[in-house]
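Me: I'd like a close look at a single part of this fold, please, set against the chain around it. Pick one stretch, follow it through in one connected account, and tell me what it packs against and pairs with.

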Amino acid sequence: MQPEKGYRYSMDPFVLCSQVSSVCSGDRILDVGCGCGIISVILGYCFPQSHITGVEIQTNLAEIAQKNINNNKLEQTVSIINADIKHISSEFTNGPFDLILSNPPYKRHNTGRLNPDLEKAIARHEITMDIQGLTTKADTLLRHKGRFMIIFPSERLPDIEQAVQPTSIFPEWIRYIYTGQKKTAKRVIFSGIKDITAPKRILPPIYLSSNNLLDTDILPKRIIP
């Protein structure tokens with residue numbers, strides 16, 4: 001379920017989830033700005049032995065997310081919290097997380113046209129939290145060697161790399177997303193790891209097309225017992 005009008009998810013959550021791997025039984029996963037819960041539902045199905053928390057600031061979307069969790073019988077795996085992530089602490093969530101994901105608002109505040117629909121505006125523009133605030137909060141909520149993964153417009157990769165510099169999250173790999181073989185990259189997935197430094201890897205690109213949805217594995221890897 002998702003709103004008929006207002007925020008509606010795109011392909012980004014599916015592409016981001018397809019890159020999740022190395023989830024162990026009992027791992028704790030945080031979905032920041034979970035919207036209608038699409039990422040939490042996908043990962044709940046793929047990793048039923050994990051513990052997933054979705055945080056959404058907008059009450060209407062949080063209620064829809066909870067309905068989606070209930071309708072998909074994922075209550076034992078996924079919990080939805082209607083709150084501002086800025087006010088969430090590891091004490092509130094009963095401990096730090098092994099993996100934090102986000103498909104965050106991708107437009108800088110006060111740039112471009114602000115959608116008159118508040119739900120869409122918050123989902124698209126950095127109104128309630130910007131990329132610096134997101135990475136700073138992720139740093140406080142990740143455990144040692146925990147991972148932070150986001151999907152973002154490719155032209156804003158320098159903003160991500162700048163945002164993680166003051167934190168203990170270090171770039172692990174990036175992967176560009178293309179809508180076609182002869183087009184420029186529209187999105188990039190950034191994966192960082194806490195407290196571990198290593199040379200940043202650039203993984204092979206992902207191509208999206210109408211004939212072949214993804215020229216790579218679309219499903220997350222199986223859970224590790």
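Reply: Residues 24 or more positions apart make up 74% of the chain's contacts with a separation of 6 or more. Please keep in mind that this is a predicted model. The chain has 6 helices and 9 strands, and 51% of its 225 residues count as buried. Its accessible surface comes to about 11,200 Å², with 51% of that belonging to carbon and sulfur atoms.

The stretch I'd pick runs from helix 6 through strand 6 and on to the partners of that strand, so let's start with the helix. Helix 6 covers residues 157-164, and its buried residues are Leu157, Asp159, Ile160, Ala163 and Val164. Viewed down the helix axis, these buried residues fall within an arc of 160°, so they line one face of helix 6. The general background is simple: an α-helix has 3.6 residues a turn, so residues three or four places apart point the same way.

What does the buried side of helix 6 pack against? Its buried residues meet helix 5 (131-141), strand 5 (142-153), strand 6 (169-178) and strand 7 (185-194). One of the buried residues, Ala163, also turns up in a nonpolar core, which I'll come back to below.

Between helix 6 and strand 6 there is a loop, and Pro166 is found in it. Pro166 is exposed, with a relative accessible area of 63%; the cut-off for that label is over 50%. The C-alpha atoms of Pro166 and Thr135 are separated by 9.3 Å, although the two residues are 31 apart along the chain.

Next comes strand 6, which has several partners. With strand 7 it runs antiparallel, and 9 bridges join the two. One pair to find on screen is Tyr176 with Val188, its bridge partner in strand 7. The connection from strand 6 to strand 7 is a hairpin through 6 residues.

Strand 6 also pairs with two further strands. With strand 8 (residues 201-202) it runs parallel, over 2 bridges, and there Trp173 stands opposite Arg201. With strand 9 (residues 206-207) the pairing is again in the parallel sense and again has 2 bridges; here Ile177 stands opposite Ile206.

How does this stretch relate to the nonpolar interior? As a general point, nonpolar side chains in soluble globular proteins tend to be buried together. The largest nonpolar core in this chain has 34 residues, among which Val20, Leu43 and Ile189 touch the most other members. Strand 6 is one of the elements that give two or more residues to this core, along with helix 1 (12-18), helix 2 (38-46), helix 3, strand 3 (78-82), strand 4 (97-102) and strand 5. Helix 2 gives the most, with 6 residues. There is also a second, separate core of 26 residues, and this is where Ala163 belongs, together with Ile88, Phe148 and Phe190, among others.

For a comparison with helix 6, turn to helix 3 (residues 59-71). At 1.5 Å a residue, its 13 residues should span 18 Å, and its end C-alpha atoms are 18 Å apart, which agrees. Its buried residues are Leu61, Ala62, Ile64, Ala65, Asn68 and Ile69. Down the axis of helix 3 they fall within an arc of 160°, so they line one face of that helix.

Lys73 comes just after helix 3 and takes a positive phi of about 55°. It lies in the loop between helix 3 and strand 3 and is exposed, with a relative accessible area of 71%. For context, most residues other than glycine have a negative phi. Another positive value in a residue other than glycine belongs to Ser22, with phi near 60°. Ser22 is found in the loop between helix 1 and strand 1 (28-32), and it is partly exposed, at a relative accessible area of 46%.

The loop that holds Lys73 also contains Gln76, which counts as exposed at 74% relative accessibility. The C-alpha atoms of Gln76 and Gly44 are separated by 9.4 Å, with their positions 32 residues apart along the chain.

To retrace the chosen stretch on screen, begin at the buried face of helix 6, pass Pro166 in the loop, and then follow strand 6 to its antiparallel neighbor, strand 7, and its parallel partners, strand 8 and strand 9.

Methods. Residues are numbered from 1 along each chain as its sequence is written. This is a predicted model: local features need pLDDT of at least 70, side-chain atom pairs count only at pLDDT 80 or more; totals for chains, interfaces and linings use all residues. Side-chain values use heavy atoms; hydrogens and water are left out. Buried means under 20% relative accessible area, exposed over 50%, partly exposed in between (1.4 Å probe, protein chains only). Helices (H or I, at least four residues) and strands (E, at least two) are DSSP runs, numbered from the N terminus. The arc is that of the directions from the helix axis to the C-beta atoms. Contact means heavy atoms within 4.5 Å. Accessible areas come from the Shrake-Rupley method with a 1.4 Å probe; for residues, only the protein chains shown count as cover. The expected span of a helix is 1.5 Å times one less than its number of residues. A nonpolar core is a set of buried Ala, Val, Leu, Ile, Met, Phe, Trp, Tyr and Cys residues joined through side-chain atoms within 4.5 Å. Two strands pair if DSSP finds at least two bridges between them.
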